[in-house]
Amino acid sequence: MFSTETAEKIKCMEIRGAGRIARAAAEALKNEALGSKATITAAFIGEMERAAALLVATRPTAVSLPNAVHMVMAGLNRAKTVDEARVGIVQRADAFIHSSQHAVEKIAEFGARHIRDGDTILTHCNSEVALGCIIEAHRLGKEIEVFATEVRPRNQGLITIRTLNDAGIKTNFIVDSAVRSFISDMDLVIVGADAVTVNGAVVNKIGTSQVAHAAYEARVNVLVAAETYKFAPRTILGEEIQIEERPAGEVLPDEIARTLPHVTVRNPAFDVTPAEFIDLIITEKGAIPPQMAYLIIREYLGWDITEFN
Ligand code: RI2
């Protein structure tokens with residue numbers, strides 16, 4: 001029940017942002033475990049597995065979601081009693097949520113060091129961790145100015161400018177297509193990530209690759225703020241990140257679309273920025289060049305490749 005409700009909220013983006021959906025899924029699994037009436041271990045495990053599958057299926061791109069679910073569900077099959085299984089889920093969910101919040105704080109601390117007094121920073125979409133770096137730099141007394149994009153079609157830029165405004169940070173709001181016009185005035189680009197692949201490519205909100213390409217051309221550094229649970233272990237095995245394509249109505253109202261029978265609206269929610277356009281990925285374990293993504297997957301996610309075979 002808890003998972004169905006949370007799954008709906010994630011799907012319609014009432015709960016959004018790669019870190020937030022991961023924590024919401026962990027919380028939903030915890031509540032599901034606490035609320036379960038199952039008295040037989042196998043039945044309890046079955047309930048939890050159905051809840052986990054439902055949550056993972058909501059948004060296919062943000063790897064934080066299956067990673068969080070995997071961490072909460074790890075070892076469930078070894079539990080001998082319902083109580084043991086329930087306690088395990090609750091402990092692992094709490095541990096994930098706690099470490100996720102800690103990671104966001106650590107990244108803000110590390111990321112702020114890359115922002116200099118007087119910097120003008122461009123950000124795209126609404127990333128809790130990217131904004132955390134900017135707000136921490138401001139808190140440390142650095143004079144900064146931000147350019148934030150609109151982020152069609154869901155306008156997450158509005159959330160970003162509200163947050164920056166509330167923090168008292170001088171902010172400019174621009175349409176997505178204005179990025180190249182302003183990029184030469186920027187000192188830094190900071191964005192978040194929905195997934196980081198083994199070759200250091202970053203999957204993030206649609207338009208990120210254009211921003212990074214423009215920055216590369218203008219020799220402006222690009223930082224990606226991403227917790228280690230956004231790195232994608234399955235990409236080691238050659239699995240590709242699925243890019244979510246959202247409803248056409250988000251881009252073009254149905255009543256207009258109906259009058260244009262020869263027009264198809266395409267609405268991919270994310271794109272892929274290759275490693276060569278990224279200078280650093282800031283994780284809670286420190287900053288790494290994107291080419292070191294493999295090490296994060298092997299050392300910090302702590303999973304053996306055989307787990308996926
Ligand atoms: P944090 C968001 O996805 C954006 O792509 C953002 O850059 C990314 O998640 C990371 O967000 P959406 O849910 O975890 O808006 O840094 O599609 O908040």
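The ligand has 18 residues around it in this model, and Gly 19, Ser 127, Asp 194, Asn 204 and Lys 205 come nearest. The model is predicted.

Three polar contacts to oxygen atoms of the ligand are listed here.

| Residue | Part of the residue | Distance to a ligand oxygen atom |
|---|---|---|
| Gly 19 | backbone N or O atom | 2.7 Å |
| Arg 59 | side-chain N or O atom | 2.8 Å |
| Gln 156 | polar side-chain atom | 2.9 Å |

How much of the ligand's accessible area does the protein cover? On its own, the ligand has 450 Å² of accessible area, and the protein covers 100% of it. The space that the ligand takes is the largest cavity.

Next, the makeup of the shell. Its residues divide into 6 nonpolar, 6 polar and 6 charged. Which elements give two or more residues to this shell? They are α2 (18–35), α6 (128–139) and β6 (202–205). Gly 19 falls within the bounds of α2, and this residue makes its contact through a backbone atom. Asn 204 and Lys 205, among the residues that come nearest to the ligand, fall within the bounds of β6.

Where does the ligand lie relative to the two domains? Domain 1 spans 2–106 and domain 2 spans 113–308. Both domains give residues to the shell, so the ligand lies between them.

The backbone also deserves a look. Most residues other than glycine have a negative phi, and most peptide bonds are trans. The loop between β2 (145–149) and α7 (157–166) holds an exception of each kind. Val 151 sits in this loop. Its phi is positive, about 70°, although Val 151 is not a glycine. Pro 153 is found in the loop between β2 and α7 too. The peptide bond that leads from Arg 152 to Pro 153 is cis, with omega near 0°.

In short, the ligand fills the space of the largest cavity, with shell residues coming from both domain 1 and domain 2. The loop between β2 and α7 carries Val 151 and Pro 153.

How values were computed. Residues numbered from 1 in each chain as written. Predicted model: local features only at pLDDT ≥ 70, side-chain atom pairs only at ≥ 80, totals over all residues. Heavy atoms only, no water. Near = heavy atom within 4 Å. Polar contact = N/O pair within 3.5 Å; in protein donor to acceptor, adjacent residues only side chain to side chain. Areas by Shrake-Rupley, 256 points an atom, 1.4 Å probe, with all protein chains shown as cover. 1 Å grid on protein atoms, 1.4 Å probe; cavity = no way out; pocket = protein on both sides within 12 Å on 5 of 7 lines; lining within 4 Å. Sits in = over half its atoms within 2 Å of the grid points. Helix = DSSP H or I, 4+ residues; strand = E, 2+ residues; numbered from the N terminus. Nonpolar A, V, L, I, M, F, W, Y, C, P; charged D, E, K, R; others polar. Domains from an automatic or database assignment.
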